[in-house]
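Student: I've got a protein model to look at and I'm not sure where to start. Could you go through it with me?

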Amino acid sequence: MNQLPAIRSPWRTAILLCGFLFLYAPMLLLVVYSFNSSQLVTVWESFSFHWYRVLFQDDAMLDAVGLSLTIAALSATMAVVLGTMAAVVVVRFGRFRGHTGFAFMLTAPLVMPDVITGLSLLLLFVAMGNAFGWPSDRGMLTIWLAHVTFCTAYVAVVINSRLRELDRSIEEAAMDLGATPLKVFFVITVPMIAPAIVTGWLLAFTLSLDDLVIASFVTGPGATTLPMAIFATVRRGVNPEINALASLILFVVGLVGFIAWRWMAHEEKQRVRDIQKARRG
């Protein structure tokens with residue numbers, strides 16, 4: 001049967017535009033006012049790059065940016081490793097003793113309030129410091145450990161759903177030809193779930209970069225992340241320098257997200273073409 005062409009409803013278009021306006025108008029307004037020369041955030045004076053120059057001369061803010069980016073990258077990488085291992089155990093190892101408890105504990109950080117997570121991790125680090133002398137103080141290491149803890153759950157959920165969709169006949173065929181399970185995992189399974197791994201890494205990176213509550217609990221006086229620095233600045237009044245910083249972050253995140261989206265779309269199309277060729281063969 002021939003499919004009828006989709007009818008474009010004016011109401012549907014209006015609702016779509018309102019949704020995009022609600023989501024992105026505040027960001028667009030923030031970018032516009034980052035080029036405002038006035039010290040008043042909501043009063044337009046003239047176009048200027050003044051606050052960008054001020055931002056690049058603010059050593060404290062740049063140090064916070066560097067620390068947050070470093071922690072986010074390291075946390076996302078470790079979360080991908082642990083989350084992939086956990087997802088493989090849940091999906092591929094079948095039902096085992098403690099399977100339900102393991103799956104529950106793996107996803108518990110998804111629904112746990114940040115305040116509870118931060119407080120429990122703080123008590124854990126203090127108890128470990130008193131009992132073993134490690135960690136001796138709280139800072140970048142404790143923030144990294146805390147971020148890996150809750151980011152792993154998000155990565156595991158993303159990769160879990162991807163693993164359940166895979167056609168296991170390809171892996172079984174490789175093992176029938178003599179490949180070891182470890183080789184099959186790295187040569188066949190990992191490339192097939194690569195889009196999910198990239199998605200999980202980007203999600204974990206964003207969550208780590210955005211975290212304020214948990215980092216505030218587990219950090220020390222020598223480590224200030226970007227959300228903490230912004231929150232401390234905003235409490236004294238909205239600074240136009242924050243607009244410039246947020247605009248740069250939006251640009252970088254948007255660029256990375258666009259590149260990742262294009263790459264994942266290309267990989268998905270290639271996977272569909274490979275499946276179609278295999279079926280024809």
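Tutor: Sure, here is a round of questions and answers about this model.

Before we start, this is a predicted model, in which local features need pLDDT of at least 70, side-chain atom pairs count only at pLDDT 80 or more, and totals for chains, interfaces and linings use all residues. Residues are numbered from 1 along each chain as its sequence is written, and side-chain values use heavy atoms, with hydrogens and water left out.

Student: How many salt bridges does the structure hold?

Tutor: A salt bridge is a side-chain nitrogen of Lys or Arg within 4 Å of a carboxyl oxygen of Asp or Glu. Counting such pairs here gives a total of 3.

Student: Which parts does the salt bridge of Arg92 and Glu171 tie together?

Tutor: The N to O distance between these two side chains is 3.0 Å. Helices are DSSP runs of H or I with at least four residues, and strands are runs of E with at least two, numbered from the N terminus. The partners are 79 residues apart in sequence, so their bridge ties together helix 3 (residues 59–92) and helix 7 (residues 168–176).

Student: Are Arg92 and Glu171 buried or exposed?

Tutor: With a 1.4 Å probe and protein chains only, buried means under 20% relative accessible area, exposed means over 50%, and partly exposed is in between. Glu171 has 4% relative accessibility, so that residue falls under the buried cut-off. Taking the pair together, both Arg92 and Glu171 are buried.

Student: Which residues does Arg92 touch, leaving out those up to four places away in sequence?

Tutor: Contact means heavy atoms within 4.5 Å. With sequence neighbours up to four places away left out, the list for Arg92 is Leu163, Leu166, Arg168 and Glu171.

Student: How far apart are Arg162 and Glu165 in helix 6?

Tutor: These two form a salt bridge, with their closest N and O atoms 3.8 Å apart. Arg162 is buried at 11% relative accessibility, while Glu165 is exposed at 60%. Both sit in helix 6 (residues 140–165), and their spacing is 3 residues, about one turn of the helix.

Student: Which residues are joined into one network by salt bridges that share partners?

Tutor: Arg168 also bridges to Glu171, with the closest N and O atoms 3.8 Å apart. This pair is 3 residues apart in helix 7, about one helical turn, and Arg168 is partly exposed at 38% relative accessibility. Through shared partners, the network takes in Arg92, Arg168 and Glu171.

Student: Which helix gives the most to the nonpolar patch?

Tutor: A patch is made of residues with over 30% relative accessible area and no salt bridge, where like charges are joined within 9 Å and nonpolar side chains (Val, Leu, Ile, Met, Phe, Trp, Tyr) within 5 Å. The members here are Leu16, Phe20, Phe22, Leu23, Tyr24, Met27 and Leu250, with about 740 Å² of accessible area together (Shrake-Rupley method, 1.4 Å probe, only the protein chains shown counting as cover for residues). One of them, Phe22, is exposed at 68% relative accessible area. With 6 residues in the patch, the top contributor is helix 1 (residues 10–33).

Student: Which residues does a cis peptide bond join?

Tutor: Most peptide bonds are trans. Here, Pro135 lies in the loop between helix 5 (114–132) and helix 6. With omega at about 0°, the cis bond joins Trp134 and Pro135.

Student: How much of the span of residues 141–163 is helix?

Tutor: An unreviewed UniProt entry lists several stretches as "transmembrane region", including residues 12–35 and 141–163; positions use the numbering here, feature names are shortened, and annotations may be inferred rather than shown by experiment. Residues 12–35 are 92% helix, with end C-alpha atoms 34 Å apart. For residues 141–163, the end C-alpha atoms lie 31 Å apart and the helix share is 100%.

Student: What separation do the C-alpha atoms of Thr199 and Val158 have?

Tutor: Thr199 is in helix 9 (residues 194–210) and is partly exposed at 32% relative accessibility. Among its contacts beyond four places in sequence are Val158 and Met264. Thr199 and Val158 are 41 residues apart along the chain, and their C-alpha separation is 7.6 Å.
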